[in-house]
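Q: Could we go through this model together? I would like to start with how it was treated and then turn to particular residues.

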Amino acid sequence: MTIHADLLAALIFLVFGALAIAIGYGYGFGTMAALGSGAMPMLVGAGLCVMGVVQLVQTRAARQTGEQLVSAFSRRGTRPLLFILGAILAFGLLIDRLGLLPALAALVGISWFADAGGRKLELLAVLVAVATLIVAIFYFGLGIPFRLVAWRF
């Protein structure tokens, strides 16, 4: 099954629009004279839903005319997408448990496999450069109290 880019965009608009409306509904819309705190998310969500419906109609019209639609995920683009998402997930799961440096190592190491032509020496150089920059900026520069290494032996 092929998911077309236009159809995926329409579905994303509809899902995020519906979520914004549902979340905004809980805060209350208020009145037209005094809008409540939920008015903005509901109005933006309604706008997103309208854009999603328009996109769906355009996609259907393009399909009926036989226009060639672009696939949302090409075979070539799937590998980088999965590795980058896996790297971000690993970073999020590891930063509290193991600390900043092991999480950065996992992030760089896993995302390195997104590109099939990388060399191991480049991986090591990128890992050292990224870790040095992140620690210098966030740990020493901004003073954010990350645990650099949190595992215990």
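The conversation below covers the model's conventions, its core, a surface patch, a salt bridge and several individual residues.

Q: What kind of model is this, and how are residues numbered?
A: This is a predicted model, in which local features need pLDDT of at least 70 and side-chain atom pairs count only at pLDDT 80 or more, while totals for chains, interfaces and linings use all residues. Residues are numbered from 1 along each chain as its sequence is written, and side-chain values use heavy atoms, with hydrogens and water left out.

Q: Which residues make up the largest nonpolar core?
A: The largest nonpolar core consists of 6 residues, namely I95, L100, A103, L104, A131 and V135. Such a core is a set of buried Ala, Val, Leu, Ile, Met, Phe, Trp, Tyr and Cys residues joined through side-chain atoms within 4.5 Å. Buried means under 20% relative accessible area, exposed means over 50%, and partly exposed lies in between (1.4 Å probe, protein chains only).

Q: Which elements give two or more residues to this core?
A: They are α4 (100–112) and α5 (120–141), and α4 gives the most, with 3 residues. Helices here are DSSP runs of H or I with at least four residues, numbered from the N terminus.

Q: Is there a general background to that?
A: In soluble globular proteins, nonpolar side chains tend to be buried together.

Q: How far does α4 reach?
A: Helix α4 has 13 residues and reaches 18 Å from its first C-alpha to its last, close to the 18 Å expected at 1.5 Å a residue. The expected span is 1.5 Å times one less than the number of residues.

Q: What do the buried residues of α4 pack against?
A: They pack against α3 (75–97) and α5. The buried residues of α4 are L100, P102, A103, L104, A106, V108, G109 and W112. L100 touches F91, I95, I134, V135, F146, R147 and L148, not counting residues up to four places away in sequence; contact means heavy atoms within 4.5 Å.

Q: Turning to the surface, which residues make the nonpolar patch?
A: I12, V15, F16, L19, I23 and Y27 make a nonpolar surface patch of about 620 Å². Patch residues have over 30% relative accessible area and no salt bridge; like charges are joined within 9 Å, and nonpolar side chains (Val, Leu, Ile, Met, Phe, Trp, Tyr) within 5 Å. Accessible areas come from the Shrake-Rupley method with a 1.4 Å probe.

Q: Is Y27 buried or exposed?
A: Y27 counts as exposed because its relative accessibility is 57%. This residue lies in helix α1 (residues 5–27) and is in contact with S37 and G38, leaving aside neighbours within four places in sequence. L19 also lies in helix α1, and L19 counts as partly exposed at 44% relative accessibility.

Q: And T59, where is that?
A: T59 is in helix α2 (residues 39–64). At 6% relative accessibility, T59 counts as buried, and beyond its neighbours within four places in sequence it is in contact with D6, L7 and L69.

Q: How many salt bridges are there?
A: The count comes to 1 salt bridge, with a salt bridge defined as a side-chain nitrogen of Lys or Arg within 4 Å of a carboxyl oxygen of Asp or Glu. E122 forms a salt bridge with R119, and the closest N and O atoms are 3.0 Å apart. E122 counts as partly exposed at 32% relative accessibility, whereas R119 counts as exposed at 56%.
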